[in-house]
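The following exchange sets computed values against the definitions behind them. Please consult the sequence and the model shown here.

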Amino acid sequence: MTASTESMHAESNHGLPLPSRQTGALSHIRVLDLSRVLAGPWCTQNLADMGADVIKIEKPGTGDDTRHWGPPYLDGDDGPTRQASYFAACNRNKRSMTVDIATPEGQRLVRELVARSDVVIENYKTGDLKRYGLDPESLCALNPRLVYCSITGFGQTGPYAARPGYDLLVQAMSGLMSITGQPDGEPGGGPLRVGVAVIDVFTGMYATTAILGALEARHYTGRGQRIDIALLDVAMAVLANQGSGYLNAGVVPTRQGNVHPSVVPYQDFPTQDGNMLLAIGNDGQFARFCEVADVDWASDERYTTNSARVTHRETLIPMMCEVTRRRPMQEWIGLLEAASVPCGPINNIGQAFADEHVQHRGLRVEQFRYGEADRPESDTVNRICSTASPLRLSETPPTLRHAPPALGQHTDEVLRDCLGLGLQEVADLRARGVL
């Protein structure tokens, strides 16, 4: 690292410690999170897990929409509360601060925080923040080192730029629903959405990547930059091989249920007591399956190679189903795993979290909002569970610092620590409805 780079790096700390194994890879970065619902919060939770100080700005009284998207609700001291569990999925490790950005004083507070931050992320409609003076032009002029990330449904340009965007709508428009579900004419046939808001989640991951790239570029340019992330752009990108097949071969894919368009056998199969999943990705695995199943299909030229199996799937799959029905699922799984043939059960989510490997990897995280001394009587929720970050870094692993916060839980703390406001100043702002 050169001396000039070290200087730029130090300027971005805003009084935060440099990263260490205890604090995380991004502990020197401060993020101002003006986003709601899923895509933006998913991104900022990634950054927070890696140690960034993420300050989540929420509307007084109501907060993030997902705080109210229930049931299901968080369990409190006396049973279910009215706090939706949805919020806990993407707001771990953040500090919640309530600010009314419709007020001039609220806007001033946000701008003061921006001057002390590295990243701003928002998912308002295109151009919506300009009326508050919180648009990228205004904030990047205030802090030229700022990385400003906007997440919208359709991007900052184009004929759809002003439209609101929702995951379900974009799943439909992108073609994703046209390849999800059972084929037409079969039971349950018709387009389906994916069971998780995957475009929001993918968008959050792409936004995370873009922000990290912009922060890295800032090391040698000394400047921040704007990032334009659109749900529709992301949805088109993650069509992956299906999109490539259309672009390069003119093939418009259709719904095939659990069947893979280019790999056979790669789908669910019936057993004596339920369905199992086979994911046979090469010819060697298919040959080993045939050995376990005591059949000679691997020597049949119609099935020897994957290309041949794709061509002749209409004859192969019914024969395989007849064979797999002869044994219980766990017996198949044991035999096939021993032969290094990828297979497994089709779990529900409860079964997945109960799986011994999932438990060994520590994928269930339990956190507490408050210590016993600072827990307010008004909040009956303290223990909150979430799914652990899958980011495994050897030297600066993800950290656990804050449970998904109560609305405005850290308002006083942020104003004191980041802006140096005293108790009376905070009380005055609260009395005027700014906080």
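**Strand pairing and sheet**

Q: What makes strand 10 and strand 11 a pair?
A: Strand 10 (residues 274-279) and strand 11 are joined by three bridges in the antiparallel sense. Two strands pair if DSSP finds at least two bridges between them, so the three bridges suffice. Strands are DSSP runs of E with at least two residues, and helices are runs of H or I with at least four, numbered from the N terminus. In strand 11, Pro345 is the bridge partner of Met276.

Q: On what basis are these values given?
A: The model is predicted: local features need pLDDT of at least 70, side-chain atom pairs count only at pLDDT 80 or more, and totals for chains, interfaces and linings use all residues. Residues are numbered from 1 along each chain as its sequence is written, and side-chain values use heavy atoms, leaving out hydrogens and water.

Q: Which order do the strands of the open sheet have, and why is one side of strand 9 and of strand 11 left without a neighbour?
A: The three strands have the order 9-10-11, with antiparallel pairing. Strand 9 (266-271) and strand 11 (343-345) stand at the edges and each has a single partner strand, so one side of each lacks a neighbour in the sheet.

Q: What makes a residue count as buried, and what share of the chain does so?
A: Buried means under 20% relative accessible area, exposed over 50%, and partly exposed in between, with a 1.4 Å probe and protein chains only. Of the 435 residues of the chain, 45% count as buried. The chain has 16 helices and 13 strands.
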